[in-house]
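This report describes the surroundings of a ligand in a protein model. The sections cover the shell, the polar contacts and the pocket.

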Amino acid sequence: MQELTHYLGGEHVKGSSGRFADVYNPATGEVQAKVPLASTDEVAKAVEIAAKAQPAWAATNPQRRARVMMAFVGLLNRDMDKLAEALSREHGKTLPDAKGDVQRGLEVVEYCIGAPELLKGEYTDSAGPGIDMYSMKQPLGVTAGITPFNFPAMIPMWMFAPALACGNAFILKPSERDPSVPLMLAELMEEAGLPKGVLQVVNGDKEAVDALLHHSVVQSIGFVGSTPIAEYIYGTGCANGKRVQCFGGAKNHMIVMPDADMDQAADALIGAGYGAAGERCMAISVAVPVGDETADRLIEKLVPRIEKLKVGPYTAGDDVDYGPVVTAAAKENILGLIQSGVDQGAELVVDGRDFSLQGYEDGFFVGPHLFDRVTPDMDIYKKEIFGPVLSTVRAGSYEEAIKLAMDHEYGNGTAIFTRDGDAARDFANRINIGMVGINVPIPVPLAYHTFGGWKKSVFGDLNQHGPDAFKFYTRTKTVTSRWPSGIKEGGEFNFKAMD
Ligand code: NAD
């Protein structure tokens, strides 16, 4: 059995707490490795190393730091296949999807190559007599991030790339479900020229997270994961005086107007609802057709597409649409929610409950499901399912549809499918959700914009990546400097009073 490590001070270090978690191959259900769960002392060691390494890194000029990012991009491209394979093996997503996971992180690293420009600061010449004023953006020091299982390459990079480009040290606590790719990324950063100890990986669970939250040297915490944990980390981190940003769960609605191109809308829902087995915070989990006739047409288009979906292991080739969910517990939770939908009166139009794959009977596969006539009081509507389950809520009007999305506690992403520019524009303006797609089902902003939801999908003020990341990972210092005139003439021993 492979025993994974932490990555501390540029070395793979065995866990010393004696606690481990199983890392599964979700396609076969087998335990393929065990990952150490760090103790408070092991976290303290990582913080100590980071605090020693950070000042020299902060003093390295931003252009040199950017060159490390540049080299890292080259290494990610070189090792793309290897990273994707390791990612699929632990997460279960298909290889093309795993490459997308790496690619979307890589794009944020590319953005961070522009750090010298983004860190330039501000300057006012002659703000008063002989007075100049300038603002510097200085790194925070030791920063940390806690990431979820569903994007084990992209989300760590969204955090550590800007943190490092700004001159911070960064401690990553990845998900214990798929920790191999984060370890590989830390190695690659060092190969790219990052000094030892500036980026470290501490594997662990709540104990490691709490150790980071309570360590006085750790200046900031980034978190992505489920809403209850986001809320806990935000509250605890803020109470301990840290800068904190937490991104939580989602229930993304896609409104389908009667004038939409129904084939396009159905294709979009298939990708956005079932891709990555629905384990995406930007997955569409609720379709909201406006009017019964639209709903009937949409369902009619969806059913044959869903029935054609190919579910299988990542090793089965590129025509697999989605793989298993991450753990047996995740599968059980999804099946429990599906049962609650049936019990609470939703119509299960496509029932994937008896799905089974020959040779992979112990894998965590869940067949695709489609519910119709879901109502807002049902658990399948209120809760994030995080599985291949699409719920249809029929709305009587556009106003009813937009109200539904606005009243949901989550506000990560949403979309509208329509040919009417006026409806689309009104939707984009009024909706209280952070990321909006117009005829685009998964509107994930590119690296140079920022990523973040509203409502219970976020805790904190600044979004991920884009210019916000450079605000989150720096502190502003403003210097007012006065050089009284006359000094250049020299030889004057009695200092003049200032004007
Ligand atoms: P999770 O909340 O279970 O775990 C996230 C991280 O928190 C992991 O590193 C885990 O070890 C740690 N953790 C778990 N329990 C903890 C506890 N009690 N105390 C302290 N730390 C704890 O989330 P997950 O299952 O890994 O990821 C799926 C969730 O992440 C979904 O809710 C999804 O919507 C959300 N997500 C959100 C975004 C976003 O940008 N909003 C992006 C990706 C995923």
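## Elements and domains around the ligand

Two secondary-structure elements, helix 8 (206-214) and strand 11 (218-224), each contribute at least two residues to the shell around the ligand. The model is predicted.

Both domain 1 (2-248 + 457-479) and domain 2 (252-438) take part in the shell, with at least three residues from each.

## Composition of the shell

The ligand is surrounded by 27 residues, of which T147, K173, E176, S226 and E384 come nearest. Sorted by class, the shell holds 14 nonpolar, nine polar and four charged residues.

## Backbone contacts

T147, one of the residues that come nearest, places a backbone N or O atom 2.8 Å from an oxygen atom of the ligand. At G225, a polar backbone atom is 3.3 Å from an oxygen atom of the ligand. For G248, the partner is a nitrogen atom of the ligand, which lies 2.8 Å from a backbone N or O atom of this residue.

## Burial and pocket

How much of the ligand's area does the protein bury? Taken alone, the ligand exposes 840 Å², and 87% of that is buried by the protein.

The ligand takes up the space of the largest pocket.

Key
Residues numbered from 1 in each chain as written. Predicted model: local features only at pLDDT ≥ 70, side-chain atom pairs only at ≥ 80, totals over all residues. Heavy atoms only, no water. Near = heavy atom within 4 Å. Polar contact = N/O pair within 3.5 Å; in protein donor to acceptor, adjacent residues only side chain to side chain. Areas by Shrake-Rupley, 256 points an atom, 1.4 Å probe, with all protein chains shown as cover. 1 Å grid on protein atoms, 1.4 Å probe; cavity = no way out; pocket = protein on both sides within 12 Å on 5 of 7 lines; lining within 4 Å. Sits in = over half its atoms within 2 Å of the grid points. Helix = DSSP H or I, 4+ residues; strand = E, 2+ residues; numbered from the N terminus. Nonpolar A, V, L, I, M, F, W, Y, C, P; charged D, E, K, R; others polar. Domains from an automatic or database assignment.
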